[in-house]
Number of protein chains: 2
Amino acid sequence: MPDSSDRSTSSPAQRSWWGWGNADKALPDAECTALAALVPGAADTPLPVPAISALALPKVRVEPPPALAPLMSAAPLDRASHTYGKAFRDVMRALHGDLAAAPDQVARPRTEQEVIDVLDWAAGADAAVVPYGAGSSVVGGVEYRAGLHGAVVSLDLSSLDRVLEIDRVSRSARIQAGALGPALEAQLRPHGLTLRHFPQSFEFSTLGGWLATRAGGHYATLYTHIDDLVESLRVVTPVGVNESLRLPGSGAGPSPDRLFLGSEGTLGVITEAWMRLQDRPRHKASATVLFDDVHAAMDAVRAVAQSGLHPANCRLLDPGEAALAGVAHNGESVLVLGVESAHAPVDGRLAELVTLARDHGGSAAATEPGTGDAAADTWRSAFLTMPYLRDALARMSVISETFETSCTWDRTRELYEAVRERLADVVKEVTGTAGTVNCRFTHVYPDGAAPYFTVIAPGRRGDEVAMWDEIKAASMQILHDHGATVTHHHAVGRDHRPGYDRQRPEPFALALRAAKEALDPAGILNPGVLLDPATTG
Amino acid sequence: MPDSSDRSTSSPAQRSWWGWGNADKALPDAECTALAALVPGAADTPLPVPAISALALPKVRVEPPPALAPLMSAAPLDRASHTYGKAFRDVMRALHGDLAAAPDQVARPRTEQEVIDVLDWAAGADAAVVPYGAGSSVVGGVEYRAGLHGAVVSLDLSSLDRVLEIDRVSRSARIQAGALGPALEAQLRPHGLTLRHFPQSFEFSTLGGWLATRAGGHYATLYTHIDDLVESLRVVTPVGVNESLRLPGSGAGPSPDRLFLGSEGTLGVITEAWMRLQDRPRHKASATVLFDDVHAAMDAVRAVAQSGLHPANCRLLDPGEAALAGVAHNGESVLVLGVESAHAPVDGRLAELVTLARDHGGSAAATEPGTGDAAADTWRSAFLTMPYLRDALARMSVISETFETSCTWDRTRELYEAVRERLADVVKEVTGTAGTVNCRFTHVYPDGAAPYFTVIAPGRRGDEVAMWDEIKAASMQILHDHGATVTHHHAVGRDHRPGYDRQRPEPFALALRAAKEALDPAGILNPGVLLDPATTG
């Protein structure tokens, strides 16, 4: 991922209020139309992007007290841009001007004390508080739906964006939760260090968001989730600040950090973390291996994952995904292998990996060790552009969405086939066309894989969200039937509740609810995420 | 650790009721006396081991209902052997015949249903239940002290000792919680697999105990704790069975397993787990490096830990520890490096590690790649014999105990010096002799180390426990003053509560208590561990 940390930070003013990333990267109308021509059954003309001034935002129900007024805004652009995350269904609703869920106020605390002050005020004002990093949730994580509170405040942490302290000896840093990926990497780079956490959303998501959602990074093995990079957390809860010791490892009771990792803003607001860093890699090599048979490719990936060689990249694209990414056109599956090290040359390790893949029926494309290769580069740039293309398709009423999961290897093949077959049937039923259901493996483990599915199919204008919701419900059922998790690294939010509720052990649900009631007695923190909102009594 | 998985399982009948391991491995009186001669100020004669028939056990306060009678025992040997763990203070009290804390009954369920039945009965009978694997706790984890319940039942899981299922494709196995290390490895070996978790207590501790206490294994880097090897857990709680999905990785809310890992029997009884396995290593190499300066040795270890080379062994013995283990006698520090792989030769990786150590001022002892070397072997066998020597010293009223911790690298040197100086002063004050305070690093991380201290000093007969408790209290204070954890892998139990309570963030304490009340409403599960026991109302 050579480019990830070099991308520059965008200012909030450049951000799209309705879609992904920066507004100026959105495809122009003509390109939307051209793109949709590749999807049989797509609309002919793009939906217009509503003007902010034309949006029917609900009436503001609460005003901040004078002391908090400087950090709060009820400006239509702020409210509109903080209504949803960036799922297909979010973008679609924004394009249709449906902003009934808009928060009343957007708060931008500049200090931890202001976070505390907002929570204190909100508890007394019957206002729900939705912690907001950069709003890249694709699971309804930042969208209030409970309908139980007198008002809703979006708590935007993006002003808390500094690296506060660097411990070069321990290779760790204390970083504020609102720092976007590029901003935190830019502050670490002069020290030769990197957090080396590069989710697809890297430019438009924050450390706090990654921690609250147990985000997955770009790397395919070993440190796949942000969880493993945490040394300690600082969390503002309504009953006090929770700060864990900085520790490289511990066995003192259940890990306090692990309760807050994945708590998605329901137990507290993460304001800082000590994060484990790495030296910047100096040696990189990658190779691409083609397979005629996708199941042989899966076996190769399993061998790689169980080899202890820990590739940084081990990304398998099934035939459809490889064709979509433009890296194979004859029905092959493509495995992109990458190795990185800050310390020693990696060509030997790459050669071992390629040999393993060849032993399982792969044929290696010519590759020059020490550099990336063409197919990998092509795929990488497609990966980063993907969300903008998704938005363009959304404007053409094309359903374009992904979902990811993980399961053990004994179930991987069956799960893959079930999604390809059963979900394709559902897509056909819902959309009347075959559509596209592709798969890649984004992360692999010795005991299983994380398949990531892409669905593309034409929608009926005005019904796009309902149609996707039907497909999504079916996908959650298929995952459940195969013992696969409802999410590997996109979090639960509100959209995944049906699948999450089915897979979460009931005693743990009781424990989590009890913890929530202890830490957030007024029930104001992101109500409806992970747990049903407490009904007001 | 070539021999660990080959040691045979001992039967409970061979077990020592008062000390470590098997009764026939305890040192005879003459050897106890000879050993103590090395400790200036030690007693001249060994304390006799009390006869079971001579023990003053408290009156049994509860009888099981007929349905549970077949699994319950109030035999003196059972009660005596289930009173304590195996800390110095436990062994000492047993030798003095102090068994006031003996449980009323020892229950040995043979099925999960019987675990449920015992919990159901206990809740109604006002009996506390102390889950018990093989009783190797060194932190008072299996010793009831609350004084609030009508009776106490030790719940011995050792009959649940089978590997129930092996998934060769995913390299994982479903294993019952009561399986001892050798028993579970013996069942995995025919499949070419290993759990590769080798704590010092391996022969006399169980999977369930490892999970409940977040045990540390033998390996110095990467997968240091059992936590990382867990695919899913099955836990009997008083409000129902908690079973998590088998997943290689997930981001669906806070991890359910991480709440039970380290819960030390306070939230439920772990009955089974799906565990991640590994292929048995075929390639091994190790080397020993000597350092004149212990701080240079620490720098070398840090370089190794931050190199990404993931040695299986990276064990640093400070001068005193090296001398005690018989691997160096001229004030050197000794670093034992080991590399293992199931897949590829490891000599190259070992050479890189030795070079790193040399770059930091180490001088490598001659070593033949592909085999262990003599110093490493000597140290290993001393390591496994250590607990029996400790018991022999206890019989000579010699205080002989360890404590372990972890902290980030920026604090490691200071912590080491503080323990060496401040604790040595305390030892002198308490025992009137200089005593011995040594250190080794057992586990290392990119961001810190896990120092493990050994204290040896003569005690006054009859006052040994009080003297150690004074030293222990001082050690917990020193750890706290340096931001180090009260335990890296020995758990909290009851003995570590003062340090744990100081380091645990208060909001997390509230959440944990709330979770406990939700899962164990009658407050019968291991009361006093992690949290104060609920007072009966």
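A salt bridge here is a side-chain nitrogen of Lys or Arg within 4 Å of a carboxyl oxygen of Asp or Glu. Keep that cut-off in mind for the tour. The model on screen is predicted.

**Stop 1: a salt bridge inside one helix**

Select A:Asp90 and A:Arg93. They form a salt bridge, with the closest N and O atoms 2.8 Å apart. Now show the backbone around them. Both residues belong to helix H3 of chain A, residues 88-95. They sit three residues apart, about one turn of the helix. Side chains of opposite charge can pair when their charged atoms come close. How many salt bridges does a search of the whole structure find? Over all chains, the search gives 72.

**Stop 2: the four-stranded sheet of chain B**

Move to chain B. Pick out the open sheet of four strands, ordered E1-E2-E4-E3, with mixed pairing. Colour strand E1 (72-73) and strand E3 (127-132) of chain B. These stand at the edges, each with a single partner strand, so one side of each has no neighbour in the sheet.

Next, add strand E4 of chain B, residues 151-156. E3(B) and E4(B) run parallel and are joined by six bridges. Zoom in on B:Pro131. Which residue of E4(B) stands opposite? The residue there is B:Leu155.

**Stop 3: the five-stranded sheet of chain B**

Stay in chain B and find the second stop's counterpart: an open sheet of five strands in the order E5-E6-E10-E8-E9. Here the pairing is antiparallel. Select the edges, strand E5 (163-167) and strand E9 (240-243) of chain B. Each has a single partner strand, so one side of each is left without a neighbour in the sheet. From one strand to the next, the twist averages 10 degrees.

Begin at the E5 edge. E5(B) pairs with strand E6 of chain B, residues 172-176, in the antiparallel sense over four bridges. Click B:Asp167; the bridge partner in E6(B) is B:Ser172. The two strands form a hairpin, with four residues between them. In the turn, select B:Arg171, which has a positive phi of about 50 degrees.

Cross to the other edge. Strand E8 of chain B, residues 230-237, runs antiparallel to E9(B), and four bridges join them. Select B:Val236 to see B:Val241 of E9(B) opposite.

**Stop 4: where chain A meets chain B**

Show both chains. The contact involves 75 residues of chain A and 75 residues of chain B. Between them the chains bury about 5800 Å², 61% of it on carbon and sulfur atoms.

Look for charged pairs first. Four salt bridges are found across this interface. Select B:Arg246 and A:Asp410, which form a salt bridge with closest N and O atoms 3.5 Å apart. Then turn to polar contacts: 31 residue pairs make them across the interface.

Now hide chain B and look at the side of chain A that touches it. Elements giving two or more residues include strand E8 (230-237), helix H12 (409-431) and strand E19 (448-458) of chain A. Which element gives the most? Select H15(A): this helix gives nine residues. To finish, colour this side of chain A by residue class. The residues divide into 35 nonpolar, 26 polar and 14 charged.

Conventions
Residues are numbered from 1 along each chain as its sequence is written. Chains are lettered from A and ligands numbered from 1 in the order in which they are written. This is a predicted model: local features need pLDDT of at least 70, side-chain atom pairs count only at pLDDT 80 or more; totals for chains, interfaces and linings use all residues. Side-chain values use heavy atoms; hydrogens and water are left out. Two strands pair if DSSP finds at least two bridges between them. Axes are lines fitted to C-alpha atoms, for helices over the stretch in contact, and angles run from 0 to 180 degrees between N-to-C directions. Contact means heavy atoms within 4.5 Å. Buried area is the accessible area (1.4 Å probe) that two parts lose on being put together, summed over both. A polar contact is a pair of N or O atoms within 3.5 Å; within protein, one must be able to donate a hydrogen and the other to accept it, and residues adjacent in sequence count only if both atoms are side-chain atoms. Ala, Val, Leu, Ile, Met, Phe, Trp, Tyr, Cys and Pro count as nonpolar, Asp, Glu, Lys and Arg as charged, and the others, Gly among them, as polar.
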